[in-house]
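I opened my notebook beside the viewer today and worked through one chain from the outside in. Here is what I looked up, in the order I looked.

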Amino acid sequence: MSKPKRPVLFEVTRKPHHKTKSEQRLHYRLLGRVYAILRDEDWQVRYCRLCDNPKLRRKLELEDEVIGTVDYETQIIYIDFRYDVLSTVVHECLHIIVTDRFGSGKAQYEAEEKEVRRLEKLMMEYMTRTQATRLHHLISARLMERKM
Ligand SMILES: [Zn+2]
């Protein structure tokens with residue numbers, strides 16, 4: 001006799017990702033560059049409530065739904081801590097890494113955003129627990145506690 005089944009309220013499902021050697025290599029290469037940014041003391045990470053900080057959003061010229069951004073002038077990576085910090089930091093670091101390949105302008109920005117999203121998804125798929133742990137430690141070391 002089979003065990004009575006508990007009712008399933010909801011499940012989180014994900015499609016299995018078919019891993020390839022070339023994507024794996026790309027992930028490692030990009031991860032090395034993300035580590036390098038976070039080891040660079042010129043860069044800082046600042047946690048904030050981006051979505052409900054109109055003053056900051058105006059200053060950085062951001063749209064309403066933004067949860068992370070890079071200020072290249074001050075070299076501050078702003079992260080809305082109420083969302084997934086790890087993937088948002090990876091996303092913003094990828095902007096820093098690929099931005100030179102794209103020009104300024106709306107079309108170029110959209111192309112950059114599309115490429116960054118693709119790479120972010122890939123990196124989060126290939127990231128190991130050791131790499132995620134290292135990333136968290138590096139983010140912690142770059143976090144600004146006070147307004148400067
Ligand atoms: Zn972006």
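**Entry 1: a convention before I start.** For any crossing angle below, the axes are lines fitted to C-alpha atoms, and angles run from 0 to 180 degrees between N-to-C directions. I also kept in mind that this is a predicted model.

**Entry 2: overall layout.** I counted five helices and three strands in the protein. Reading along the sequence, I wrote down the pattern α-β-α-β-β-α-α-α. Along the principal axes, the C-alpha atoms fill a box of roughly 65 × 35 × 35 Å. I then checked burial: 19% of the 148 residues are buried. For contacts between residues at least 6 apart in sequence, I found that 64% join residues at least 24 apart.

**Entry 3: the sheet.** In what order do the three strands of the open sheet lie? The order is 1-3-2, and the pairing is mixed. Strand 1 and strand 2 are the edge strands, each pairing on one side only. From one strand to the next, the twist averages 20°.

I looked at each pairing in turn. Strand 1 (residues 44–48) runs parallel to strand 3, and five bridges join the two. Strand 2 (residues 68–71) pairs with strand 3 in the antiparallel sense, over four bridges. Y78 in strand 3 was a handy landmark: Y78 is the bridge partner of R46, and Y78 is also the bridge partner of T69. Further along strand 2, I noted D71 standing opposite I76 of strand 3.

**Entry 4: what lies over the sheet.** I turned to helix 3 and found that this helix lies across strand 1, strand 2 and strand 3. Helix 3 runs at about 35° to strand 2.

**Entry 5: the core.** Which residues have the most contacts inside the largest nonpolar core? They are V34, I77, V89, V90, C93 and L94, in a core of 18 residues. Helix 1, strand 3 (76–80), helix 3 (85–98) and helix 4 (106–126) each supply at least two residues of this core. A general reminder I jotted in the margin: nonpolar side chains in soluble globular proteins tend to be buried together. I followed V34 as an example: leaving aside neighbours within four places in sequence, V34 is in contact with V90 and C93.

**Entry 6: helix 1, side by side.** Helix 1 has 19 residues and reaches 27 Å from its first C-alpha to its last, close to the 27 Å expected at 1.5 Å a residue. I listed its buried residues as H27, L30, V34, I37 and L38. Because they cover an arc of only 85° around the axis, they sit on the same side of helix 1. Their cover includes helix 3, helix 4 and helix 5 (129–142). On the face turned away from the buried side I found the exposed residues K21, S22, Q24, R25, Y28, R29, G32 and R39.

I took a second look at K21, which is placed in helix 1 (residues 21–39). Is K21 buried or exposed? K21 is exposed, because only 12 or fewer C-beta neighbours are allowed for that label and K21 has 7 other C-beta atoms within 10 Å. I also asked for one distance: the C-alpha atoms of K21 and L50 are separated by 37 Å, with their positions 29 residues apart along the chain.

**Entry 7: two backbone angles to flag.** Most residues other than glycine have a negative phi, so I searched for exceptions. I stopped at E61, whose phi is near 55°, a positive value in a residue other than glycine. E61 lies in the loop between helix 2 (54–59) and strand 2. E61 counts as exposed, because there are 7 C-beta neighbours inside 10 Å.

I also stopped at Q75, which is not a glycine either and has a positive phi of about 55°. Where does Q75 lie? Q75 is in the loop between strand 2 and strand 3, in a hairpin with four residues between the strands. With 14 other C-beta atoms within 10 Å, Q75 is partly exposed.

Technical notes. Residues numbered from 1 in each chain as written. Predicted model: local features only at pLDDT ≥ 70, side-chain atom pairs only at ≥ 80, totals over all residues. Buried ≥ 20, exposed ≤ 12 C-beta atoms within 10 Å, placed from the backbone. Core = buried A, V, L, I, M, F, W, Y, C linked by C-beta atoms within 7 Å. Contact = placed C-beta atoms within 7 Å. Pairing = 2+ DSSP bridges. Expected span 1.5 Å × (residues − 1). Arc of directions from axis to C-beta.
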